[in-house]
Amino acid sequence: MKKLVTLTAIAAFSFLFPIVSYSQAQRSQEFKDKYKLKEAVVLSRHNIRSPLSDDKSALGRMTPHKWHKWSSGKSELSSRGGALETMMGQYFRKWAVDAGLFNENHEPSATDVNVTANSMQRCIATAQYFSSGFMPVGGIKVNHKYSPSKMDPLFNPQITKSSPAFRAEAMKQINAMGGKKGIVGINEKIEPEYQLMMEVLDVKDSPMAKENDPTLKALQNYNTEIVLDKWGEPSMKSGSALKELNAASDAFILQYYEEPDTLVAAFGHKLTRKDWEKLAHVKDVYQDVLFTAPIVAVNVAKPLIQYMFDELQSPDRKFTFLVGHDSNLSSVATALGIEEYEVPNAIEKKTPIGSKMVIEKFVGADGEEYADINLVYQSVDQLRNMELLDLDNPPMIYPLSLKGLQKNADGLYKMKDVADRFESALRAYEAIPDGE
């Protein structure tokens, strides 16, 4: 199993620190003499938001309990999310100065820093809070295309090429996740998580149960129907366990981050950290089903793959910060061929709230360009306790690996190999059959 390092860890050597330690050594002077950081491209998920559904929806009716009283409107960044993202921005400022990318209190030019967000309130706000921590005197402008809240095609994980052949291959790949039973098998694998979810919700005492709502039957339906329409996001039809309980999983995750009292967060049930991971796993599976089938991933991630690749090749750019969603991180990771992983110290194991895929570009003393790829995220305790972050108490940083590529003795890829991987993802998109 991979062990945790930090952006400022001695990634140049094979020694890796235990995942329980936040206080990591800095990259050595020997490493800094050998490799100069030239640029970083960061793809971020927004930080803590309120649930996408409110108490009047099926989410509210499937439990007799009241969900957390949020500081923001539905789907919008919460006050805690804003504070946590500012802390993350402050950490990145410390890291960037330590790495020699910027001087302290750098005031960016029109070309060296690019902060771009999806035009959803939670994404714009995340970018704004991050920027305030990252360059507090820099006056960074957050670029976004539309007035809130509307999806920008750059971040919208929509299918832009479709055909019967595409849909058939996509469903073949999705069904493979469940083995011989296909989509039913996917649901059966997480049946224990479903049962725990319904116990914590106390569904049996809910308005939904008392009214004999048809949605109640959906919680027993494992034959999830997938929709793969052109110009739409991959989605699930209403009426299945995975579709309906994903909303509850999402709400529980956010409530656990936001509510200091874990007993209150669990509606009076005593849950272990492993139990919280089980509740969150439903949402992880939901994301995997919709966005990590390879042919789907390269389809929906194409705009971001192209944009990130262009940024990595921009001669004047030093730092790019893109704010989107977990679907963006999941699909980009799959499209680039990142090996399967589960991060430690998190209940969401793939794309924790506020997590960031960080691609660093170095120039070596040999004149070659190199790259490192990590997932940066705040641990559960850092999120719940609102811990201040710095080089002595950094966020979690988990090294990501690209299938089929070897890192050098200093833990870095050749940049040309990483560039080839971006080009391969773009070619895979071009190869997708289109037309009804």
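**Close-up views of the predicted model**

Strands S7 and S9 (residues 413-414) form an antiparallel pair held by two bridges. This and every other view below is taken from a predicted model.

**View 1. Strand S7 and its antiparallel partners S6, S8 and S9**. In the pairing with S9, Ala 371 has Tyr 413 as its bridge partner. Strand S8 (residues 396-399) is joined to S7 by four bridges, again in the antiparallel sense, and here Tyr 377 stands opposite Met 396 of S8. Strand S6 (residues 356-364) runs antiparallel to S7 and is joined to it by eight bridges; Met 357 has Leu 375 of S7 as its bridge partner. Four residues separate the strands in the hairpin of S6 and S7, where Gly 367 adopts a positive phi near 85°. S7 itself (residues 369-377) is mostly covered, with eight of its nine residues buried.

**View 2. Strand S5 and its parallel neighbours S1 and S2**. Strand S1 (residues 35-45) runs parallel to S5 and is joined to it by six bridges; Val 41 stands opposite Thr 320 of S5. Strand S2 (residues 113-117) also pairs with S5 in the parallel sense, over five bridges, and Val 115 stands opposite Phe 321 of S5. Which residues of S5 point one way, and which the other? Phe 319, Phe 321 and Val 323 point one way, whereas Thr 320, Leu 322 and Gly 324 point the other way. Residues of both sets are buried, and S5 is accordingly described as mostly covered, with six of its six residues buried.

**View 3. The aromatic pair of Phe 130 and Phe 319**. A pair of aromatic rings is described by the distance of the centres and the angle of the planes. The model holds 22 aromatic pairs. In the one shown, the rings of Phe 130 and Phe 319 are stacked, with 6.3 Å from centre to centre and 5° between the planes. The pair links distant parts of the chain, since Phe 130 belongs to helix H4 (residues 121-134) and Phe 319 to strand S5 (residues 319-324), 189 residues apart. Phe 130 has a relative accessible area of 0% and is therefore buried; Phe 319, at 0% relative accessibility, also counts as buried. Both rings belong to a cluster linked by ring pairs, whose other members are Tyr 91, Phe 92, Trp 95, Phe 102, Phe 134 and Phe 321.

**View 4. Helix H5 and its buried side**. Helix H5 (residues 164-176) has 13 residues, which should span 18 Å at 1.5 Å a residue; the C-alpha atoms at its ends are 18 Å apart, in agreement with that value. Its buried residues are Phe 166, Ala 170, Gln 173 and Ile 174. Because these residues cover an arc of only 100° around the axis, they lie on the same side of H5. They pack against helix H6 (182-189), strand S3 (226-227), helix H12 (273-291) and helix H13 (294-300). The exposed residues Lys 172 and Ala 176 are carried by the face of H5 turned away from the buried side.

**View 5. The enclosed helix H15**. Nine of the 10 residues of H15 (residues 326-335) are buried, so this helix is largely enclosed by the rest of the structure. Among the buried residues are Asp 326, Asn 328, Leu 329 and Val 332. Gly 337, just after H15, takes a positive phi of about 80°.

**View 6. Lysines over tyrosine rings**. Lys 150 lies over the face of Tyr 146, at 4.3 Å from the ring centre. Lys 161 is placed over the face of Tyr 429, at 5.0 Å from the ring centre.

**View 7. Backbone exceptions in loops**. Most residues other than glycine have a negative phi, and most peptide bonds are trans. The peptide bond from Pro 148 to Ser 149 is cis, with omega near 0°; Ser 149 lies in the loop between H4 and H5. Asp 202, although not a glycine, has a positive phi of about 55°. Asp 202 is found in the loop between helix H7 (191-201) and helix H8 (207-210). Trp 231 is likewise not a glycine and has a positive phi of about 70°; its place is in the loop between S3 and strand S4 (235-236). Are these two residues buried or exposed? Asp 202 counts as buried at 12% relative accessibility, whereas Trp 231 is exposed, with a relative accessible area of 56%.

Notes
Residues numbered from 1 in each chain as written. Predicted model: local features only at pLDDT ≥ 70, side-chain atom pairs only at ≥ 80, totals over all residues. Heavy atoms only, no water. Expected span 1.5 Å × (residues − 1). Buried < 20%, exposed > 50% of the residue type's maximum accessible area, 1.4 Å probe, protein only. Arc of directions from axis to C-beta. Contact = heavy atoms within 4.5 Å. Pairing = 2+ DSSP bridges. Phe/Tyr/Trp six-rings, centres within 6.5 Å; stacked < 30°, edge-to-face > 60°. Lys NZ or Arg CZ within 6 Å of the ring centre and 35° of its normal.
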